[in-house]
Amino acid sequence: MTQSVYTQQAPSSFKLNQTIIANTPFKDEQAIAQAELDSHLESQAEAVAPTQDPLTSRDRRIIGEIIQVEPESVRTIWLEGGITVWVRFVNGSCLPFDRNWFATRVAQVKATLPETPRERNERLSDELEKACTVFGLYHGEIDWLGFSTKLYQDGHFVGFVGCNQEGWYTRPRQYGVNRVAGSAKDVIALLGVRAAVAA
């Protein structure tokens, strides 16, 4: 198949072909150098001030489950006009979804998705912090693997507290029998600590 292209003839004093041929290698080298510089500046900026990812791995798992893609392929989501949820992928492509449909599906998937160990630890840590505030206690460093820690009040050791498959537990000494209760607040009360009274 033949193809015809309309071209306008340049004046004879204009040396178009010579200019393009002569500058082409320079332009390629300049483009490569600029790309390298941009990449270097981006990596330096990331090292100085890393951007926070608005999506957690759980968010990506939920989105991946909803639209049936690999969670790692999801870059971000945003709401446009209060109507459309857009999902942007790592490769740059986007997909639109109705906001109400998407919200319904998120709720359904969240209900069936198991809690990760990190999410469990964050939830337990929040519950422990609230219970310690009620009793005027503070805790030492948390053993995140088994979720346990020591409790203190006014600089004095009160007891151990933690959470395992049975639920929240406590004991007044390092060794001994665990006393189990349904919440962090309940196990702290089993240690005989009274709630702090506001003055």
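In this predicted model, Phe 147 has a relative accessibility of 1% and therefore counts as buried, the limit for that class being under 20%. The residue lies in the loop between β4 and β5, and its phi is positive, at about 40°, although Phe 147 is not a glycine. A second residue with a backbone angle of this sign is Gln 68, whose phi is near 55° and which is likewise not a glycine. Gln 68 is placed in the loop between α2 and β1, the latter spanning residues 74-80. With a relative accessibility of 72%, Gln 68 counts as exposed, because that class begins over 50%.

The chain as a whole comprises five helices and eight strands. Followed along the sequence, these elements appear in the pattern α-α-β-β-β-α-α-β-β-β-β-β-α. The chain has 199 residues, of which 25% count as buried. Of the contacts between residues at least 6 apart in sequence, 26% join residues at least 24 apart.

Five strands form an open sheet in the order β4-β5-β6-β7-β8, and their pairing is antiparallel. The edges of this sheet are formed by β4 and by β8, residues 179-181, each of which pairs on one side only. In general, the strands of a sheet are held in register through backbone hydrogen bonds, in either a parallel or an antiparallel sense. At one edge, β4 (residues 138-139) is joined by two bridges to β5 (residues 148-153), the two strands running antiparallel, and Tyr 138 has Tyr 152 of β5 as its bridge partner. Strand β5 also pairs with β6 (residues 156-164), again in the antiparallel sense, over six bridges. Within this pairing, Gln 153 stands opposite His 156 of β6. The hairpin of β5 and β6 has two residues between its strands, and Asp 154 takes a positive phi near 50° there. Towards the other edge, β7 (residues 167-171) pairs with β8 in the antiparallel sense over three bridges, and Trp 168 stands opposite Ala 181 of β8.

Two residues, one in a strand and one in a helix, illustrate the surroundings of buried positions in the model. Thr 149 is located in strand β5 and, because its relative accessibility of 5% falls under the limit of 20%, counts as buried. The side chain of Thr 149 reaches the backbone oxygen of Glu 141 at 3.3 Å. When neighbours within four places in sequence are left aside, Thr 149 is in contact with Leu 128, His 139, Gly 140, Glu 141, Ile 142, Gly 159, Phe 160 and Val 161. Glu 141 thus appears both in this list of contacts and as the residue whose backbone oxygen the Thr 149 side chain reaches.

Ile 188, by comparison, is placed in helix α5, which covers residues 184-190. Its relative accessibility is 0%, and Ile 188 therefore counts as buried. Apart from neighbours within four places in sequence, the contacts of Ile 188 are Ala 131, Cys 132, Phe 135, Leu 137, Leu 151 and Val 193. The C-alpha atoms of Ile 188 and Leu 128 are separated by 9.5 Å, while the two residues are 60 residues apart along the chain. Leu 128 is itself among the contacts of Thr 149.

Empty space around the atoms of a structure can be found by rolling over them a probe the size of a water molecule. In this model, the largest pocket holds about 160 Å³ of space. The pocket is lined by Thr 56, Ser 57, Arg 58, Thr 116, Arg 118, Glu 119 and Glu 122. Two helices, α2 (57-67) and α4 (117-135), each supply at least two residues of this lining, and α4 provides the largest share, with three residues. Classified by residue type, the lining contains four charged and three polar residues and no nonpolar ones.

Definitions and conventions. Residues are numbered from 1 along each chain as its sequence is written. This is a predicted model: local features need pLDDT of at least 70, side-chain atom pairs count only at pLDDT 80 or more; totals for chains, interfaces and linings use all residues. Side-chain values use heavy atoms; hydrogens and water are left out. On a 1 Å grid over the protein atoms alone, a cavity is a set of points where a 1.4 Å probe fits but cannot get out, and a pocket is an open set with protein on both sides within 12 Å along at least five of seven lines; lining residues have an atom within 4 Å of a point. Grid points are joined across faces, edges and corners, and a volume is the space filled by probe spheres set on the points. Helices (H or I, at least four residues) and strands (E, at least two) are DSSP runs, numbered from the N terminus. Ala, Val, Leu, Ile, Met, Phe, Trp, Tyr, Cys and Pro count as nonpolar, Asp, Glu, Lys and Arg as charged, and the others, Gly among them, as polar. Two strands pair if DSSP finds at least two bridges between them. Buried means under 20% relative accessible area, exposed over 50%, partly exposed in between (1.4 Å probe, protein chains only). A polar contact is a pair of N or O atoms within 3.5 Å; within protein, one must be able to donate a hydrogen and the other to accept it, and residues adjacent in sequence count only if both atoms are side-chain atoms. Contact means heavy atoms within 4.5 Å.
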